[in-house]
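Please open the structure in your viewer and keep the selection panel at hand. The tour below moves from one space to the next, and each stop says what to select and what is there.

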Amino acid sequence: MHGHLAATSIGGGVREALAEPGGRVSGVFSFGFYVRAGSSVFAVGGPALPPGPVHLVVERTPPLPPEGAPVLVEAGRMQVAGCDLLLAGATPYQPAIPSAPQLARIAPVLVQSLSERRPPDDLASAWPAVRAAVFDADLHRALLLLQGRGGGLTPTGDDVLASLLLFAHWADPTSPIPAELAARAETTDLSRAFLRWSAIGQSIAPVHDLLDSALHLGPDGSGATAHAQALAALAAIGGSSGKAMLIGLGLAASAWLTRTF
């Protein structure tokens, strides 16, 4: 028995998955592992894993179980490979969703902050077509161009697509299109889980921290340091995921501003 670890943050997707009767470890990474429960996939990791809708964050890096190890959930704890993860004290992850007036303030900051970032190398050949699709407000075409494309645990194209779906929901929370597209994306199960939550406006905490920093950036330069730190924190996520998400946010904001104002 490896003892126990207290969970500090639990996403909505994790809570849904844990309602399933059981699960198994489907993969490991340097500071955590993935669990498949029914049709759901979520990540478990130490403090290096940011809070997110499909993330269960625990107080320190958990022992890494073998792939295929069974996962048992009962009495407010998750047992895996001899370690108990205590769930009762975890804070539910519920990020703030920007209102329409807030988005109008945030979007120009995103465009200005991200205007000089270049598209990821593994999307370079498709980028002109992706950009045209987004400026035409054709997310269906963008999906076909981006789904499953590129490298990474979540392919680069999916990371960009997640940002596009996020922004689309923020801009029009009543539209069913983001959720419909996320449900039919041809990609990995992990990416599809992220896309599903992106389509209802939720991403990892560094994305929402970036929005908050943009919202509080003053015309006199106040808040500039916090904004720069938020940009850097998101860019540092994964091998390329954070950078791809930033590119997607900048593209979505630019296209939205062109249509709105």
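For what follows, Ala, Val, Leu, Ile, Met, Phe, Trp, Tyr, Cys and Pro count as nonpolar, Asp, Glu, Lys and Arg count as charged, and the others, Gly among them, count as polar. Please keep in mind throughout that this is a predicted model.

Start with the second largest pocket, which holds about 320 Å³ of space. Select A137, L139, L164, A168 and R259, which are the closest to its centre among the 17 residues that line this pocket. Then colour α4 (139–146), α5, α6 (177–184) and α10, since these are the elements that give two or more residues to the lining of the second largest pocket. Divided by class, the lining residues of this pocket are 12 nonpolar, two polar and three charged.

Stay with α6 for the next stop, and select P178, L181 and A182, which are buried in this helix. If you turn the view to look down the axis of α6, its buried residues fall within an arc of 100°, so they line one face of the helix. Now show α4, α5 and α7 as well, because what covers the buried residues of α6 includes these helices, where buried means under 20% relative accessible area.

Next, move to the largest pocket, with a volume of about 560 Å³. Of the 31 residues that line the largest pocket, select Y34, T154, I237, G238 and S241, which lie nearest its centre. The elements that give two or more residues to this lining are α5 (156–171), α7 (189–198) and α10 (241–260). Which element supplies the largest share of the lining of the largest pocket? That share, five residues, comes from α7. By class, the lining of the largest pocket is made up of 17 nonpolar, 12 polar and two charged residues.

Finish with an enclosed space, for the structure holds one cavity of 30 Å³ or more. The volume of the largest cavity is about 50 Å³, and to see what surrounds it, select A17, L18, E20, P21, G22, G23, V35, A37, F42, V71, L72 and V73, which line it. At least two residues of this lining come from each of α1 (12–18), β3 (32–37) and β6 (70–74), and the largest share, three residues, is that of β6. Sorted by class, the lining of the largest cavity has nine nonpolar, two polar and one charged residues.

Definitions and conventions: Residues are numbered from 1 along each chain as its sequence is written. This is a predicted model: local features need pLDDT of at least 70, side-chain atom pairs count only at pLDDT 80 or more; totals for chains, interfaces and linings use all residues. Side-chain values use heavy atoms; hydrogens and water are left out. On a 1 Å grid over the protein atoms alone, a cavity is a set of points where a 1.4 Å probe fits but cannot get out, and a pocket is an open set with protein on both sides within 12 Å along at least five of seven lines; lining residues have an atom within 4 Å of a point. Grid points are joined across faces, edges and corners, and a volume is the space filled by probe spheres set on the points. Helices (H or I, at least four residues) and strands (E, at least two) are DSSP runs, numbered from the N terminus. Buried means under 20% relative accessible area, exposed over 50%, partly exposed in between (1.4 Å probe, protein chains only). The arc is that of the directions from the helix axis to the C-beta atoms. Contact means heavy atoms within 4.5 Å.
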